[in-house]
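Colleague: I am new to this structure. Could you take me through it in short steps?

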Amino acid sequence: MPGSRLPALITLLASLSAPLAARGETLVIAADPWCPINCAADAERPGIFVELARDIFAEAGIEVRYETRNWARVLQQVRRGEINAAVGAGREDAPDFLFTDTPVALSRNCFYTLPASTWRYTGVDSLPGIRLGVINDYSYGELINAYVEAHRRDDQHVQVAAGDRALEINLNKLRVGRLDVVLENSWVLQAHLAARGRPVEVREAGCREPDVPIYLAFSPAREDSARYVELFEQGLRRYRADGRLEALLRAYGVDL
């Protein structure tokens, strides 16, 4: 072999060895199903955040494994460093977690009633007098969080659902008259109703303002989290700039 080709060969082998080494790296993300933000783990389209994370980290040779678990459990496990990141968290969900500067999306939380209702949300002062359905350990903004916490033991004011079927539980309660109002992310409710054979008819009765930024939130207990945050932030900026994020959102029927 001519000596002049040896440095080039060494450079080529080095460049090949880096991604091969990285292929053994797996990042575990989790949440309870909150489609289209994150859907069933075995779904053909597992959710906007999941596809985005898989694509961005794949560019760095990192595999992403997505799992569905109870939300309160996810937050505990991410906080302890047992898994890498929580999907779709807001800063108020877990202020000690590590977040990118750029949110993946904005969560619009709206209030939904049966069509015959005339109630409208005009601020926290309009909540007393109705039975509100929320989901355990979800963040709805400081003022609503405080209201939920103050009344969560009084089911004539607040009823808290938990588990993978929490939204379905709340909608069923609304349908049979055990709740007056359900508070939910607008994307999530639209996707849930669209997937039902016989959708529950609901009426939007106002939305919380401002919208809440939501993120892929990384564990404060893991040394590799800072690196993952930086990789994901760089990827988000690229995907926003070149239109790939907008195209992904359109594929799920939503927009920025």
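What follows is a set of questions and answers on a predicted model.

Colleague: In what order do the strands of the open sheet run?

Modeller: The open sheet has 5 strands, and its pairing is mixed. The twist averages 35° from one strand to the next. Read across, the order is S7-S6-S8-S5-S9.

Colleague: Which strands are at the edges?

Modeller: An edge strand pairs on one side only. The order S7-S6-S8-S5-S9 begins with S7 and ends with S9. The edge strands are S7 (158-161) and S9 (203-207).

Colleague: Do S5 and S9 pair in the parallel or antiparallel sense?

Modeller: In general, strands of a sheet pair through backbone hydrogen bonds, in either sense. Strand S5 covers residues 109-113 and shares 3 bridges with S9. Tyr112 stands opposite Glu204 in S9. The sense of the S5 and S9 pairing is antiparallel.

Colleague: At what angle does H6 run to S8?

Modeller: Take H4 (residues 142-151) for a start: it packs on the sheet, touching S5, S6, S7 and S8. The direction of H4 makes about 95° with that of S7. H6 lies across S5 and S8. Its angle to S8 is about 105°.

Colleague: Which element gives the most residues to the lining of the largest pocket?

Modeller: The largest pocket has a volume of about 300 Å³. Its lining counts 19 residues, with Pro33, Cys35, Asp164, Leu167 and His192 nearest the centre. Two elements give two or more residues to this lining, helix H5 (166-176) and helix H6 (186-195). The one that gives the most, with 4 residues, is H6.

Colleague: How many of the lining residues of the largest pocket are charged?

Modeller: Sort the lining by class. It has 12 nonpolar and 2 polar residues. The charged residues number 5.

Colleague: Which residue does a disulfide join to Cys35?

Modeller: The whole structure holds 2 disulfides. In the one with Cys35, the S to S distance is 1.9 Å. The link is right-handed, with 75° about the S-S bond. The partner of Cys35 is Cys39.

Colleague: What is omega for the cis peptide bond of Cys35 and Pro36?

Modeller: Most peptide bonds are trans. Pro36 sits in the loop between strand S1 (26-31) and helix H2 (48-58). Another cis bond runs from Glu209 to Pro210, with omega near -5°. For Cys35 and Pro36, omega is about 15°.

Colleague: Where is Asp137, and what is its phi?

Modeller: Most residues other than glycine have a negative phi. Asp137 lies in the loop between S6 and H4. Its phi is positive, near 70°.

Definitions and conventions: Residues numbered from 1 in each chain as written. Predicted model: local features only at pLDDT ≥ 70, side-chain atom pairs only at ≥ 80, totals over all residues. Heavy atoms only, no water. 1 Å grid on protein atoms, 1.4 Å probe; cavity = no way out; pocket = protein on both sides within 12 Å on 5 of 7 lines; lining within 4 Å. Points joined across faces, edges and corners; volume = space filled by probe spheres on them. Nonpolar A, V, L, I, M, F, W, Y, C, P; charged D, E, K, R; others polar. Pairing = 2+ DSSP bridges. Axes fitted to C-alpha atoms, helices over the stretch in contact; angles between N-to-C directions. Contact = heavy atoms within 4.5 Å. Disulfide = S-S within 2.5 Å.
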